[in-house]
Structure formats: structure tokens, C-alpha cells
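Welcome! Let us take a friendly walk through this structure, beginning with its ligand and ending with a pair of helices.

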Amino acid sequence: MNAHKAAPLHLDAVVVGTGFGGMYMLHRLRGRGLTVKAFETGKDVGGTWYWNRYPGARCDVESVEYQYGFSAEIARDWTWSERYACQPEIMKYADYVAKRLDLRKDIQFNTRVTSAIYDEASQRWTVETDQGDVVIAQFCIMATGCLSASRVPDFEGRDTFAGDTYHTGNWPHEGVDFTGKRVAVIGTGSSGVQSIPIIAAQAERLFVFQRTPNFSLPALNGPMDPAYVEDMRENFMAARARARATNSGSFMQANDQSVFDVDEEERRRNFEMRWEKGGFAFVTSYKDVMNKLEANKLASEFVRNKIRQVVDDPKVADLLTPTNHPLGTKRLCLDTNYYQTYNLPHVSLVDIADRPIERITSAGVVVAGEEYKVDAIVFATGFDAMTGALLRIDIRGKGGLTLQEKWEGGPRTYLGLAVSGFPNLFTITGPGSPSVLVNVIIAVEQHSDWIMDCIDHMRANGLSVIEAETDAEDRWVDHVNEKADETLYPMADSWYVGANVPGKPRVFMPYVGGFANYDNICKDVAANGYRGFSLA
Ligand code: NA7
């Protein structure tokens with residue numbers, strides 16, 4: 001229930017969420033003289049990193065890339081300690097940026113936005129919060145994140161468990177010590193893969209419940225090479241500019257040869273060389289790995305062999321080896337000693353692919369009539385990705401249309417930035433934009449800059465309302481689908497298509513056409529009088 005409602009505050013813009021997207025958007029809007037306030041559910045900035053404090057939580061984009069590129073000074077004055085930053089270091093970085101830009105004075109923490117309702121007569125959004133705030137604003141910008149609505153599946157008996165339960169995406173801030181405990185981990189996506197080795201190192205007994213084996217590549221994390229750190233201090237901005245001109249939006253050197261341009265020996269050498277580098281470089285071994293099944297099969301089989309080489313028990317190795325989806329079509333994981341963990345005598349893999357968890361009892365988890373008795377259950381079961389955080393807010397556009405109604409058959413946006421029927425509402429990394437398929441920091445900067453330019457344009461031309469046209473939206477949705485269908489991505493039951501949430505419409509949500517292509521489309525739309533938008 002909402003707290004007592006305050007008198008409405010009139011502002012130019014409201015930003016919902018202060019992960020890296022909301023932080024930068026707030027900075028941009030404020031810098032252009034708009035009156036703006038941001039609301040944030042957490043007690044601090046950082047978004048998904050604020051919540052995902054599970055043991056081993058680590059970014060799988062290299063730390064030098066996972067930072068803002070809008071300010072040479074901010075980049076130069078920050079030094080990452082490891083190749084892949086751990087969650088606490090990313091929080092320190094978020095704190096550093098928040099202090100540097102003095103962002104917190106315009107953020108209200110501990111506050112969840114509950115509704116955003118558009119009034120056609122006044123052309124204003126009324127945004128309300130669970131703390132009783134009422135803000136009336138011209139622009140409402142949703143920076144709610146792609147992986148922020150965590151979910152625990154509705155296992156029968158879930159609430160009867162007598163021990164402790166945790167979700168990786170909502171981890172206690174004081175941390176958890178599993179020493180001497182019997183622990184169940186349910187889920188083997190990135191959060192499971194990162195946390196399992198660390199939980200195993202503490203726990204007396206660990207059961208991992210796996211529905212789908214995922215491909216995981218070795219991160220080969222370690223301290224940063226000082227020479228590279230210095231190089232990046234000088235040359236980061238140029239490297240970022242180059243990355244923005246690529247479709248991966250990253251520093252990785254993609255190989256534009258086909259798998260079939262080379263013989264078997266050469267291919268094996270190249271796979272091995274990229275494997276040895278660690279990280280996602282392996283996926284860019286050849287240009288057709290993600291769009292030709294035969295090419296993907298070769299890369300997939302290389303990784304499967306690596307798994308078999310590491311895991312001692314061939315039966316366990318078989319269970320851990322992904323066979324039901326092509327490499328990369330479910331979000332790839334990066335790990336440190338994940339597969340090695342299954343060689344430990346106190347770690348057991350419980351296959352639940354064909355025999356789902358029957359129920360949770362007061363003592364543990366039941367599968368195929370067998371009760372696995374544990375003291376704690378860790379749900380590493382993921383998120384209602386990309387749409388969940390938006391749909392949990394009561395958003396109503398023209399004619400009282402709710403976003404839930406509008407997206408009943410799956411999300412529909414124009415450029416992942418705007419929704420027809422919802423004027424002056426922008427979504428940062430909304431469905432239909434590259435978002436989770438590229439370095440998300442680049443994605444949020446590009447969106448925030450585009451939105452800022454758009455608002456500048458409106459102000460300079462005496463315009464007060466912008467709305468995506470339905471036709472343009474339809475064409476964009478078709479285009480997003482066409483691009484996805486050119487790839488292997490739709491073959492997997494991934495969270496990219498909402499398959500992890502029962503009843504969620506199966507739609508490929510991110511835009512797979514590439515960052516640089518997408519950026520050019522957005523620029524072109526703006527340069528052509530915001531083609532596909534109506535402005536008044
Ligand atoms: P993910 O990647 O969605 O992984 C969730 C895991 O939980 C995955 O293995 C799921 O199996 C499993 N899951 C979900 N529901 C169930 C049920 N009902 N029963 C058994 N197992 C289940 O979430 P993460 O938090 O690991 O990672 C999210 C993103 O964060 C990641 O992709 C990176 O971008 C960072 P499934 O594969 O659906 O069969």
C-alpha cells in the first residue's frame with residue numbers, strides 16, 4: 001500500500017532507476033538544465049550490481065571496457081585492479097562516478113516507483129512511489145535495467161523450507177557464510193556458474209540442481225598488466241571510439257573469416273589460441289559461429305571436448321555438456337574453476353532436465369522421489385529479463401492503455417527507445433535495442449545521448465510531445481525479428497526469448513543487428529526529423 005501521498009512535485013523529467021543507465025541519464029538531463037529527480041529502490045546507485053552480491057559475482061565484460069566513456073577525466077582517474085571486475089569493485093566504481101558527478105543529491109533511494117500515468121490533456125506523466133511521492137513531469141525515462149526483476153520459480157512447498165533461502169539477484173548485504181552447511185544451488189546460468197565454486201569451497205556438502213547445462217568459457221581472470229593499464233590511461237577514449245564503430249561494441253578483435261575458409265588444423269589452432277586468451281574472444285573466432293549451424297557445431301564441439309577433459313567422471317561430464325542448444329544462443333558464462341568443482345567429492349550434480357524438482361520440503365529438495373536434505377537453498381534462477389522491471393510498474397499511456405495490455409503478445413517498441421501510445425516515455429536499453437548483446441555501458445550511453453539530443457531538439461523547436469508511430473513500431477519489431485532469424489539465437493530456450501518465465505510470450509527481445517548498425521539507424525532517424533515519431 002502506498003504511504004501518505006505528498007503534494008505533487010513538478011519537474012521536467014523523472015528517471016526511474018540508478019544503475020549505470022539512470023546515473024548517466026540523470027547527469028545528462030541535469031547538465032542541460034532540466035529539473036529532474038531519479039528514484040531508486042536500492043539504498044545506493046549501481047543497479048544490478050547493487051543487488052547481485054552473491055559470492056563470485058563478477059562482470060564478464062573486461063573491466064576496462066565496463067566503464068563510462070563519456071568523460072576522459074573520469075576514465076583516466078580510475079584504475080581497475082583485475083581483468084574482470086568483481087561486484088564490490090564495480091560498486092566502488094559506481095560510487096566514484098556518483099561522487100564525481102554529485103549525483104546522489106538528485107536521487108531518492110529506498111523508493112520504488114509504483115505507477116507512471118500519462119495525462120493527455122496536460123501532456124504530463126504522473127509518477128508515484130511506494131513512499132507517497134507524486135511527481136508530475138514532461139518526460140519519464142525508464143532506466144529500470146534488463147536484469148533487475150529477479151524471480152524464484154513457484155516450486156511447490158517453497159515456503160515450507162525450514163532453512164535459509166537466498167536468491168543470487170537479491171543477496172544479503174552482510175554476506176553469507178556456508179561453512180559446515182549442506183547447500184542446494186538451483187540454476188546453472190551465469191550466477192550459478194560464478195557462485196558454485198565459491199560456495200563449494202565453504203560448504204560441507206553441495207548439491208547443484210541443473211535443468212540445462214550451459215556453455216561456460218574460462219575467464220582467466222587475474223591482475224591487470226600494468227603496461228596495459230598505462231596504455232589504457234592514455235588511449236582509452238580512442239579505443240572506446242573504435243569499439244563504438246563495431247557491431248560488437250567491444251575491444252575484441254573479431255575474425256571475419258568463415259570457419260570454412262580454413263582447414264581443420266588451422267581452425268583448431270585458432271580455437272585454441274582464442275580459448276587460451278580467456279573470455280568471450282572465443283565466440284569471435286570466426287564470423288559465422290553465431291549464424292551458421294555447421295560453423296557453430298565446430299565451435300560447440302571444441303568447447304564440449306574441453307569440458308570432458310576437465311571433468312573426471314564421464315557421466316558427470318556428459319551431464320555438464322550442453323547438447324540442446326548451439327554455443328552462445330543462451331547467454332554464455334565465464335567461469336573460474338566451474339567444471340573443476342564437480343571433481344570435488346562433496347559436490348554432486350543433480351540432473352533435473354527430464355525430472356523437474358517435485359517440491360521443496362522443510363528439509364530440502366525432492367527430485368524423482370529422493371529428498372536432498374540441506375540447510376540452505378540458493379536460487380540462482382535468474383530474472384524476468386528485459387520486460388519484467390517495466391511491467392512490474394503500472395504504466396499507462398494514452399487512453400489509459402496499460403503497458404501490460406500493450407505488450408500482452410510480447411514487447412513492442414520503436415528502436416527499443418519508445419512505445420507508441422506512450423508519449424514522452426523513453427526506455428533505456430528497452431527490448432528491441434542491442435542492450436544485453438553488447439557492452440551494456442556503451443548501450444546506455446548511446447541511448448541516454450540520443451534521448452538528450454531528442455529533448456534538445458524538441459526544446460529548440462518549441463515541441464512538447466514525441467510519440468513513436470505505430471507503423472514505425474511495427475516495422476521495427478519486424479526488423480528485430482528478421483535480424484534474430486538470421487542468427488541461431490532463436491533456437492535456444494533462453495531468457496532472450498523469455499523461455500525461463502512460464503507463460504511469457506516467446507519473442508526474441510534484444511536487437512541482434514549490431515551496435516554500430518543500430519547506432520547509425522538511431523542517428524539517421526534523428527537526422528531525418530525523427531522519422532517514425534510524431535512530434536507536436
Ligand atoms: P539465468 O542465466 O537465467 O540462469 C537461471 C538458471 O536457473 C538457469 O540454469 C535455469 O535453467 C535455471 N532455472 C530457472 N527456472 C528453473 C526451474 N523452474 N527449475 C530449475 N531450474 C530453473 O540467470 P543468472 O542469474 O544466472 O544470469 C542472468 C544474467 O546475468 C546472465 O545471463 C548474465 O547476463 C548476467 P534453464 O537454463 O532455464 O533451463
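**Around the ligand**

The ligand is surrounded by 19 residues (each with a heavy atom within 4 Å of it), and the closest are Thr-188, Ser-191, Arg-211, Thr-212 and Lys-330. This is a predicted model, where local features need pLDDT of at least 70, side-chain atom pairs count only at pLDDT 80 or more, and totals for chains, interfaces and linings use all residues. Residues are numbered from 1 along each chain as its sequence is written, and side-chain values use heavy atoms, leaving out hydrogens and water.

By class, this shell holds 7 nonpolar, 8 polar and 4 charged residues (Ala, Val, Leu, Ile, Met, Phe, Trp, Tyr, Cys and Pro count as nonpolar, Asp, Glu, Lys and Arg as charged, and the others, Gly among them, as polar).

Now look at the ligand's oxygen atoms. A polar side-chain atom of Arg-211 sits 2.8 Å from one oxygen atom of the ligand, and a polar side-chain atom of Arg-331 lies 3.3 Å from a ligand oxygen. Ser-190 takes part through its backbone, with an N or O atom 3.0 Å from an oxygen atom of the ligand. Taken alone, the ligand exposes 770 Å², and the protein buries 88% of that (Shrake-Rupley method, 1.4 Å probe).

Key: Polar contact = N/O pair within 3.5 Å; in protein donor to acceptor, adjacent residues only side chain to side chain.
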